[in-house]
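Hi everyone, thanks for making time. I'd like to walk you through a structure that may be new to you, going from the whole protein down to a single residue.

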Amino acid sequence: MLSVGIVGLPNAGKSTLFRALTRARVPVAPYPFTTVDPNTGVAVVPDDRLDVLARIAGAERVVPATVRVVDIAGLVRGAHRGEGLGNRFLAHVREMAALLHVVRAFHHPEVAHVEGHPDPLRDIGVVETELLLADLETVQRRMERVEPRARTGDAQARAERAALEEAARALDSGRPARTLPAGVREALRPLRLLTDKPVAYVVNVAEGQSDGAVQAVRALAEERGVPVVVACLKVEDELLDLPEEEARAYRDVAGLGEGVLDQVVRTGYRLLDLVTFFTTESREVRAWPVPRGTRAPQAAGAIHSDMERGFVRAEVVAFDDLVRAGSWEAAWQAGKVRLEGRDYQVREGDVITFRFHV
Ligand code: GDP
């Protein structure tokens, strides 16, 4: 399972977000990982298509897709030099496939701020600067190893040196690695640069608030192509304790939007660049997340390794076609079910039956 890491300055609301995301719904199936680490949890990815499929398939159980969420504490100014929990922090970030960056926009006299008081744009800068500086160091260290080989004329080393030089220039002028050309990013992929990871900002506002600071974050994010979710995390967390009716009434009165946590999870899912396919076997409808571009046998392998090994073919119908037809049988009759082989790349919303030898 791919992981989304929650980062941000101390007291930005990371743990609050983590708690809210990982207890929003109780998973209905046992998940293939257990952990003793209290900072790692599982968030359920909301998907309205599951209930539709459950009705069509007469399923008794619905199992949503999930993503792993990790609360990564310990970032302060100087983290790249190992200050605070700096090194541990950076090592954790390196393992993540995408980041949710919590930005504090609420003011509260009793919740301290490491920089004195919250200033969303400056705070984003502090976090991103640490990541940039850590990357710059990684790039420079790699350069020292590659340079001698590049000087002997080794073509591969020269190509890598060129990519490293371009990355160093970008990082040095404050541009994250994800803004580099695709070829350069590809060449530097083994370095797992922190600023190459897709990121979204989660702006943590006071209840019902959306002030100038929030607009400023939105503007910055738009310029950078970074998704933004605005939420009052403390209230979102507290609302999870209320019965659904009461929570809804509260939302109406307070003017809070619906489903902010759902938005955060969906954004994380999108950052991971996953697509969802569905299975409707054995009275169970289930959503499976796989990286975009996954081929049919590997998709089958997400369900069980035997199914990948013995893969014969995939019977595939698009979600919309299945809904329109009303049943698998009708979809077959309408010629909407395709037989796909080993090279087929699974698409968003495919409903699949795998055939395999045991
Ligand atoms: P972390 O250090 O980033 O993990 O921050 P926490 O999630 O532990 O939050 C720090 C403190 O700020 C906690 O006491 C939270 O209850 C409080 N807090 C978080 N979000 C909000 C908010 O939206 N409004 C207010 N007033 N307090 C909040």
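I'll begin with the overall picture and then stop at one arginine.

First, please keep in mind that this is a predicted model. So what is it built from? The protein has 14 helices and 12 strands. Its radius of gyration is 23 Å, and the globule rule gives 21 Å for 358 residues, so the protein is as compact as a globular protein of that length. If you lay the C-alpha trace along its principal axes, you get a span of about 65 × 60 × 40 Å.

Okay, inside and outside. Of those 358 residues, 48% count as buried. The accessible surface comes to about 17,900 Å², and carbon and sulfur atoms account for 50% of that.

How about contacts along the chain? Take the ones between residues at least 6 apart in sequence: 68% of them join residues at least 24 apart.

And charges: there are 47 positive and 52 negative ones, and their mean positions sit 5 Å apart.

Now let's zoom in on Arg251. You'll find it in helix 9, which covers residues 244-254. Is Arg251 buried or exposed? With a relative accessible area of 11%, Arg251 falls under the 20% cut-off, so it counts as buried.

Who's around it? Leaving out residues up to four places away in sequence, Arg251 touches Glu236, Leu239, Leu256, Gly257, Glu258 and Gly259. Glu236 is worth a second look here: its side chain makes a polar contact with the side chain of Arg251, at 2.7 Å.

That's my tour, happy to take questions.

Notes:
Residues are numbered from 1 along each chain as its sequence is written. This is a predicted model: local features need pLDDT of at least 70, side-chain atom pairs count only at pLDDT 80 or more; totals for chains, interfaces and linings use all residues. Side-chain values use heavy atoms; hydrogens and water are left out. Helices (H or I, at least four residues) and strands (E, at least two) are DSSP runs, numbered from the N terminus. The radius of gyration is taken over C-alpha atoms; the globule rule is 2.2 Å times the number of residues to the power 0.38. Buried means under 20% relative accessible area, exposed over 50%, partly exposed in between (1.4 Å probe, protein chains only). Contact means heavy atoms within 4.5 Å. Accessible areas come from the Shrake-Rupley method with a 1.4 Å probe; for residues, only the protein chains shown count as cover. Lys and Arg count as positive and Asp and Glu as negative; His and the chain ends are not counted. The place of a charge is taken as NZ of Lys, CZ of Arg, CG of Asp or CD of Glu. A polar contact is a pair of N or O atoms within 3.5 Å; within protein, one must be able to donate a hydrogen and the other to accept it, and residues adjacent in sequence count only if both atoms are side-chain atoms.
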